[in-house]
Structure formats: C-alpha cells, structure tokens
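Please open the model in a viewer and keep the selection panel at hand. The stops below proceed from one selection to the next.

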Amino acid sequence: MICVDSSRTIARMNLLPRFVGFDMTSCLRPREGNGPPPYPVRPYRAILLSCLLAIFTLLFAAPALGADAAVESEAQSLQRQAIQEDSLNVKYPEAVKKLSTAIDKCGVDKCSATLRGALNRDLGAMLILNGLVDDGRVAFARALALDSSLELDASYKSPMLEKLWSDAKKKAADAGATQGGEAGGAGSGANAGPSAPSSGPASQEAAKPRDKTTDTSDCPPDFPGCHSPTKPGGEKCAKGSECETGSCNDGKCTDKVGEGEVCERDSECASESCSNGKCAAPKKATDEACVSDEECSSGICLDARCGEGGTKKSTLAKPRRIWIGISGSLDVIAIPTADNVCVHTKDGTGTLNAAGYECVDPSTGANFPGTSRSTNDNIRQGSAANIGDGVKGGASVGTLRVMLTFDYALGMNVLLGARAGYVFFTDPASAPGPAFAPIHLEARATFLLGKDALARAVAPMVIVAVGAGEFDTSVALGVQMQNGPSRRENAWLTAGPLFGGIGPGVRFLLGPAVAATVAVKGEGAFGGGAGFLLGFAPEIGIQVGL
C-alpha cells in the first residue's frame with residue numbers, strides 16, 4: 001500500500017489496473033487534538049514510485065496476456081482459404097474443416113476476441129450453407145458473444161443468412177439484457193461482464209453435428225436443414241423437399257432407383273450417386289482408385305486415388321481420359337504353297353492357281369502376263385519342283401501401317417479408341433490390283449490388366465480391333481518360258497478390306513501424360529484375291545494424355 005495525501009490523486013491512481021498490486025489510500029489521518037500528523041507526507045515521491053512499479057509490471061505482464069501473432073496469422077490464412085476458395089467453389093465441408101482447425105488453434109487466448117468471433121461467424125455460415133442450420137446457429141451465438149459488432153462477410157452474404165444472423169443478434173441482445181437484469185438484482189452489477197463462450201462439455205456437445213433434417217420452423221422455408229424429417233418412397237407429399245429422394249410425383253414420394261436409371265440428383269439413387277443424368281456406382285471412399293473427381297465421395301481424385309478433400313495439392317497430374325498419338329505396325333502374313341501362280345486361264349479371266357496369286361512385273365508395276373495370250377501360252381507350266389513358276393508356303397513380310405491414334409479411358413482398365421492411317425507396300429498393279437485403297441481405318445478396345453492399371457508404370461494389356469484396310473504381300477520368283485529367257489516376277493496375294501485382330505501387349509507410363517505401347521496382334525483379313533489371309537503384326541506406339 002502507498003499512501004498519498006490528496007483525494008484527487010487517490011482517484012486518479014486507483015484507475016491503474018488492479019494487477020499492478022497497489023491500492024492508494026489517503027495518508028491524512030484525523031489529528032488527535034492539535035498535534036502534528038502521525039507520519040510525514042511525501043506525495044510526489046509516492047506517486048513517482050507507484051508509476052514506475054506500474055510501468056514495470058505492465059511491460060512484463062502484457063506479453064503474457066496478449067494474442068499470439070504466429071497463431072493469429074495461421075488462423076487468418078485458414079480463414080482466407082475457407083472463404084475465398086472453398087466457399088466460392090461450393091465446397092462447404094472443406095470450409096468447415098479449415099475454420100474448425102483455425103478455431104482450435106486459437107483456443108481461448110491465442111487470438112483476439114474479434115478474430116475468434118469472426119472465425120465462429122464464418123463457421124456458422126458455412127455450416128448453414130452445408131445444411132446444418134442448428135450447428136450454424138450455435139456458431140453464430142458464440143461469434144456474437146465474442147464480438148457483438150460483427151457483421152456477415154459480403155462474399156457469402158445472402159438474404160437467408162442475413163435473416164439467421166439477425167435472429168442470432170436479437171437473441172444475443174435479449175440474453176445480454178436478461179443477464180444484466182439478473183446481475184443488477186443480485187447486487188453484483190459492478191463485477192458483471194459480458195459472458196464468454198464456454199469451452200466445457202456443454203459447449204463441446206453443442207458443437208457436435210446434428211441431423212440435417214432438424215425441424216427449425218423459424219428459419220426461411222425450404223432452406224437446407226429447415227424442414228421436417230423427410231418421407232420415404234410411397235408417402236404422400238406436396239413438394240420434393242418433403243421426400244428422401246427429393247422427388248415428389250403425383251402427390252407421392254418416389255422410390256430410390258437403381259444403377260443406370262434416369263435421375264436428377266444423388267438422393268434419387270440407391271447408390272446416392274447421380275452422374276450425367278443416370279444413377280451411377282456408389283461414390284468411392286478415400287484411397288480407392290479413381291479417374292475423375294465425380295467418382296469420389298470427397299469430390300477429389302488425386303494421383304488415381306480418391307483424396308480426403310481440402311486444398312491438398314498433387315505432385316502428379318491425375319490420370320488423363322483422352323490420349324492421342326502415333327503408331328506403326330508391320331504385317332507378317334502366312335502364304336500358301338501354289339504352282340503356276342502367273343499362268344492365266346485360256347479365256348484370261350483369272351489365274352490357274354486356287355490360292356489367288358497374281359504376278360506383277362517389278363520394273364513396270366503392270367500385271368504379268370497381262371492381256372497377252374501369246375505370252376501366257378509361252379509360260380512353262382508344271383510343279384514348283386521342276387520350274388520357277390511356283391511358290392513355297394511360309395511367312396512373308398507384307399504391308400506397313402503408320403497411324404494416328406485416339407483413345408478414351410472409360411475407367412482404370414478400359415480404353416476405347418480409333419486408328420486412321422496410310423498403308424505402304426501394297427500391290428502396285430491396277431488390274432486386278434489391290435482390294436482396297438491404301439488407307440487404314442480401325443476401331444479398337446484396349447483392356448489394361450491389374451488394379452489401377454491406367455496409373456501404373458507398367459501394365460499388361462489385351463487389344464481387340466476391327467476395321468477396313470488393305471493386306472498384301474509378295475514373293476519374288478523366276479518364271480521359265482518355253483521360248484526365250486526366264487523372267488523375274490513378283491507373285492502378289494491381296495486381301496481385304498475387312499479385318500479383325502486380337503493380341504497381347506504392354507503399356508508403359510513414361511510420365512503423368514506420356515505413355516508408350518508395344519503389342520503383337522494376330523489378324524485376319526477377308527476379301528480380295530486371296531479371299532482370306534492370316535498373319536500377325538508387331539506394333540509400337542506413343543501417346544500423350546490430355
């Protein structure tokens with residue numbers, strides 16, 4: 001205790017905070033008789049000493065009582081992400097998660113009351129927009145208890161939120177008036193202060209999520225969470241919001257429908273997933289394989305896996321759906337044994353051999369012997385063992401194909417696509433000539449084997465193809481003439497335009513958006529001079545994902 005001898009000084013000094021630890025009182029005592037004061041009075045020295053002690057105490061006490069700047073910065077960053085990113089992208093659950101984290105970081109004393117109030121205000125708005133109206137009201141009440149001057153953020157303000165905020169402010173004001181009256185009646189008005197939100201069990205219980213169908217008749221009609229419990233299929237209804245499926249037809253709630261059925265919203269489907277107007281497979285949980293965000297319950301597909309939500313950034317791009325590129329293949333065709341492959345019939349309408357061979361002069365590209373009956377009659381006929389006008393069966397390299405490729409990923413294991421390109425090394429003759437133009441048109445399905453195959457570095461695959469194209473091959477031979485020297489001719493086999501193929505291969509993912517394929521497909525071509533040719537084609541390709 002420090003004593004001074006001035007009532008005015010006492011009044012001023014007692015304005016110092018209580019935690020300074022001093023109580024000023026008067027040094028004046030009623031004199032007993034007319035004698036001197038009981039002790040000497042030094043008012044200025046006492047005032048100076050008390051001020052120095054007060055300043056010293058404030059310097060050391062203030063940091064302990066103030067907010068933590070680092071924590072406030074983290075909380076404000078989370079607040080910005082929740083409101084400026086998640087809220088604007090209608091990702092209310094993610095916004096709620098960030099704001100709740102910010103509030104937990106602040107605790108009860110690490111952030112200013114104004115910041116804690118703003119965080120609770122924003123949390124309330126996001127909860128309401130997510131359909132949890134009662135939880136939003138609780139958060140609004142906590143916000144106003146911390147700072148009654150707060151207003152809604154303009155970035156998410158709406159008439160419905162303004163009404164709920166106005167109701168919360170009114171209730172907070174009424175509660176403050178009631179508390180003030182009770183405090184005055186109890187004679188404790190001097191020590192009463194604004195009530196702060198409790199962090200005890202009652203507050204924690206209030207913060208727990210509630211059922212979205214809680215009946216709150218005093219909030220705007222048809223607002224999420226402001227309706228009575230919904231009705232199952234078959235129950236009478238007046239509007240869709242009364243039904244579990246959100247659909248009311250002919251005065252009755254419609255039943256949930258199965259996968260593949262027409263829908264407008266997730267709630268109409270038994271799988272709780274409506275995609276592109278039809279009920280789809282159930283949404284996938286965290287860490288399940290995915291191709292698109294729509295497949296995941298969190299709405300986020302990262303690195304071919306369903307994520308947990310939030311603003312997590314991926315170091316790799318998610319699997320591409322569209323792949324374009326270039327490929328090449330070389331046909332190796334099985335050829336049959338035949339004799340007299342160049343000799344035509346006497347009427348010149350076809351060849352004597354049943355395999356379908358036609359001979360072409362390599363120097364002119366014209367058919368041999370052509371329409372010359374004398375040249376045809378001059379060819380020595382016989383078996384391949386005795387003369388050169390014959391072909392031994394085996395494998396022969398045929399046409400080369402260079403193609404542009406397109407594939408669309410239906411999922412992690414199936415791609416549907418097309419190939420279009422040019423065919424090299426076809427039969428050069430014009431009569432009878434090739435069976436089709438030197439182009440390649442193909443529809444293809446690619447089946448990738450294994451879990452999450454589209455995102456794997458190496459994935460086995462099986463390809464199935466059908467299309468139209470030219471399939472030709474040739475064999476060089478010597479043709480013996482009855483009169484004159486032998487001739488060097490090429491015996492050609494042609495087939496097409498229809499073909500089909502199937503075969504194994506391997507897909508290599510060289511990067512998030514680059515893939516290479518190697519395959520060997522067995523193929524058969526129908527039509528042309530040969531009627532049918534069987535063979536195989538090694539193939540290599542590279543694609544870029546979009």
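**First stop: helix H3**

Select H3 and take its end-to-end span: at 1.5 Å a residue, its 19 residues should cover 27 Å, and the C-alpha atoms at its two ends lie 26 Å apart, which agrees. The coordinates belong to a predicted model.

Next, display the side chain of Asp68, which caps the N-terminal end of H3. One of its side-chain oxygens lies 3.0 Å from the backbone nitrogen of Ala70.

Then colour the buried residues of H3: Val71, Glu72, Ala75, Leu78, Gln79, Ala82, Ile83, Asp86 and Ser87. In an α-helix, with its 3.6 residues a turn, residues three or four places apart point the same way. The cover over the buried residues of H3 includes H4 and H5.

**Second stop: the largest nonpolar core**

Extend the selection to the largest nonpolar core, which has 33 residues. Ala75, Leu99, Leu119, Met126, Phe140, Tyr156 and Trp165 are the members that touch the most others. At least two residues of this core come from each of helix H3 (69-87), helix H4 (92-106), helix H5 (113-129), helix H6 (133-146) and helix H7 (159-185). H5 provides the largest share, eight residues.

Centre the view on Met126. Which residues does Met126 touch, leaving out those up to four places away in sequence? They are Ile83, Ser87, Tyr92, Ala95, Val96, Leu99 and Tyr156.

A second core, separate from this one, has 22 residues, among them Ile333, Val341, Ala355 and Phe368.

**Third stop: the disulfides**

Select the cysteines that are paired; the structure holds two disulfides. In the pair formed by Cys106 and Cys111, the sulfur atoms are 2.1 Å apart. The link between Cys106 and Cys111 is left-handed, with -75 degrees about the S-S bond. Are these two cysteines buried or exposed? Cys106 has a relative accessible area of 0% and is therefore buried; Cys111, at 3%, is buried as well, the cut-off for burial being under 20%.

Move on to Cys342 and Cys359, whose sulfur atoms are 1.8 Å apart in the second pair to visit. The torsion about their S-S bond is about -80 degrees, so this disulfide is left-handed. Cys342 sits in the loop between strand E10 (338-339) and strand E11 (358-360), while Cys359 sits in strand E11, so the pair ties together parts 17 residues apart in sequence. Both Cys342 and Cys359 are buried.

**Fourth stop: Gly307**

Select Gly307, in the loop between strand E8 (305-306) and strand E9 (322-335). Gly307 is buried, its relative accessible area being 7%. Add Ala285 to the view: Gly307 and Ala285 are 22 residues apart in sequence, and their C-alpha atoms are 8.2 Å apart in space. Apart from residues up to four places away in sequence, Gly307 touches Thr286, Ser298 and Ile300.

**Last stop: the whole chain**

Finally, zoom out to the protein chain, which contains nine helices and 22 strands. Of its 546 residues, 39% are buried. Among contacts with a separation of 6 or more, 56% join residues 24 or more positions apart. Switch on the surface: the chain exposes about 28,900 Å², of which carbon and sulfur atoms supply 58%.

Terms used. Residues are numbered from 1 along each chain as its sequence is written. This is a predicted model: local features need pLDDT of at least 70, side-chain atom pairs count only at pLDDT 80 or more; totals for chains, interfaces and linings use all residues. Side-chain values use heavy atoms; hydrogens and water are left out. Helices (H or I, at least four residues) and strands (E, at least two) are DSSP runs, numbered from the N terminus. Buried means under 20% relative accessible area, exposed over 50%, partly exposed in between (1.4 Å probe, protein chains only). Contact means heavy atoms within 4.5 Å. Accessible areas come from the Shrake-Rupley method with a 1.4 Å probe; for residues, only the protein chains shown count as cover. A nonpolar core is a set of buried Ala, Val, Leu, Ile, Met, Phe, Trp, Tyr and Cys residues joined through side-chain atoms within 4.5 Å. The expected span of a helix is 1.5 Å times one less than its number of residues. A polar contact is a pair of N or O atoms within 3.5 Å; within protein, one must be able to donate a hydrogen and the other to accept it, and residues adjacent in sequence count only if both atoms are side-chain atoms. A disulfide is a pair of cysteine sulfur atoms within 2.5 Å.
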